[in-house]
Amino acid sequence: MKQRPAIGPVFVKKAAIMNVFAPVSTLMVTDLVTINPETSLRKVKEIFEEHSFHHLPVVNFRKIVGMVSRTDFDRFVGGLKKANDATTDLLEKTRAEEIMTKGLGKLEPDDRINVALEIFSKNWFHALPVVKDDELVGIITTQDIIRALLNEKPKEPHMVYEDL
C-alpha cells in the first residue's frame with residue numbers, strides 16, 4: 001500500500017481524560033493579585049501592563065466584591081482617544097468600583113470542574129472567583145481549563161496521527 005505524503009503538520013490526537021468531576025481547586029490559580037474598590041484605574045493599568053492575566057479580583061478585607069477585566073478597562077479607556085494629561089488625570093481619579101463587574105458567579109474549592117464549565121457555557125463570564133468561608137482563595141478561568149486540556153498527553157503512543 002502506497003503511503004500518502006504528509007501535507008500538513010503532525011498532530012497529537014488527545015484522549016479526553018480530563019476529569020470534569022475533579023474539584024476546581026485542582027486547576028484554580030491561588031497566587032492572586034487583587035485590588036480594592038478604591039484602587040485608581042491608573043494602578044489597574046499598571047497591573048495589567050505588568051502581568052499577562054486578564055482579570056483582577058476586587059476585594060474588601062478578603063471578601064470578593066467585584067472583578068475588573070481587561071475588557072472592562074479597555075472599554076473605559078477606549079473612549080479616551082489620546083493619552084494626555086487629562087487622560088492621566090481621569091485614570092487617577094476613577095476608582096475600580098466604578099467599572100468593576102458586580103454580582104459575580106462564585107465557586108467553592110470543592111465544586112467540580114463541570115460546574116465551572118456549566119457556568120461558563122451559560123454566561124459571558126471568563127473567570128470565576130473561588131471562595132471559602134466568604135474569603136477569596138483562588139480564581140479559575142476558561143483559559144485555565146483550556147490549558148489543562150492542551151497539556152494532556154495521549155494514553156497510548158498509537159494515538160498520534162498525521163493530518164493528511
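Mentor: Helices here are DSSP runs of H or I with at least four residues, and strands are runs of E with at least two, numbered from the N terminus. By that reading, Thr 88 lies in helix α3. One caution: this is a predicted model, where local features need pLDDT of at least 70 and side-chain atom pairs count only at pLDDT 80 or more, while totals for chains, interfaces and linings use all residues. Residues are numbered from 1 along each chain as its sequence is written, and side-chain values use heavy atoms, with hydrogens and water left out.

Trainee: Got it. How many helices and strands are in the chain?

Mentor: Five helices and six strands. Starting at the N terminus, the order is β-α-β-β-α-α-α-β-β-α-β.

Trainee: What percentage of the residues count as buried?

Mentor: 33% of the 164 residues. Buried means under 20% relative accessible area, exposed is over 50%, and partly exposed is in between (1.4 Å probe, protein chains only).

Trainee: Back to Thr 88, then. Buried or exposed?

Mentor: Neither: Thr 88 has a relative accessible area of 45%, so it is partly exposed. Thr 88 also sits 9.4 Å from Leu 41, C-alpha to C-alpha, though the two are 47 residues apart in sequence.

Trainee: And Thr 94, where does that lie?

Mentor: In the loop between α3 (85–93) and α4. Thr 94 counts as buried because its relative accessibility is 5%. A polar atom of its side chain lies 2.8 Å from the backbone oxygen of Leu 90.

Trainee: Which residues does Thr 94 touch, not counting those up to four places away in sequence?

Mentor: Thr 39, Ser 40, Leu 41 and Phe 76. Contact means heavy atoms within 4.5 Å.

Trainee: Leu 41 again! Which residues of α1 are buried?

Mentor: In α1 (residues 41–50), Leu 41, Val 44, Ile 47 and Phe 48 are buried. Looking down the axis of α1, they fall within an arc of 110°, so they line one face of the helix. That arc is taken over the directions from the helix axis to the C-beta atoms. On the other side of α1, Glu 49 and Glu 50 are exposed.

Trainee: Which side chain meets Glu 49 in a salt bridge?

Mentor: That of Lys 45, at 2.9 Å, N to O. A salt bridge is a side-chain nitrogen of Lys or Arg within 4 Å of a carboxyl oxygen of Asp or Glu. Lys 45 and Glu 49 are four residues apart, about one turn of the helix.

Trainee: Which residues are linked in a network of salt bridges?

Mentor: Arg 42, Lys 43, Glu 46 and Glu 92. The Glu 46 and Lys 43 side chains meet at 4.0 Å, N to O. The structure holds nine salt bridges.

Trainee: New topic: how do β2 and β3 run?

Mentor: Antiparallel, with six bridges joining β2 (residues 55–60) to β3. Strands pair if DSSP finds at least two bridges between them. His 55 has Ser 69 as its bridge partner in β3. The two strands form a hairpin with two residues between them, and Phe 61 in the turn has a positive phi of about 55°.

Trainee: How many residues of β3 are buried?

Mentor: Five of the seven in β3 (residues 63–69), so call that strand mostly covered.

Trainee: Last one: what do the buried residues of α5 pack against?

Mentor: α4 (113–122) and β5 (135–141). The buried residues of α5 (142–150) are Thr 142, Asp 144, Ile 145 and Ala 148. They fall within an arc of 165° down the axis of α5, so they line one face of the helix.

Definitions and conventions. A polar contact is a pair of N or O atoms within 3.5 Å; within protein, one must be able to donate a hydrogen and the other to accept it, and residues adjacent in sequence count only if both atoms are side-chain atoms.
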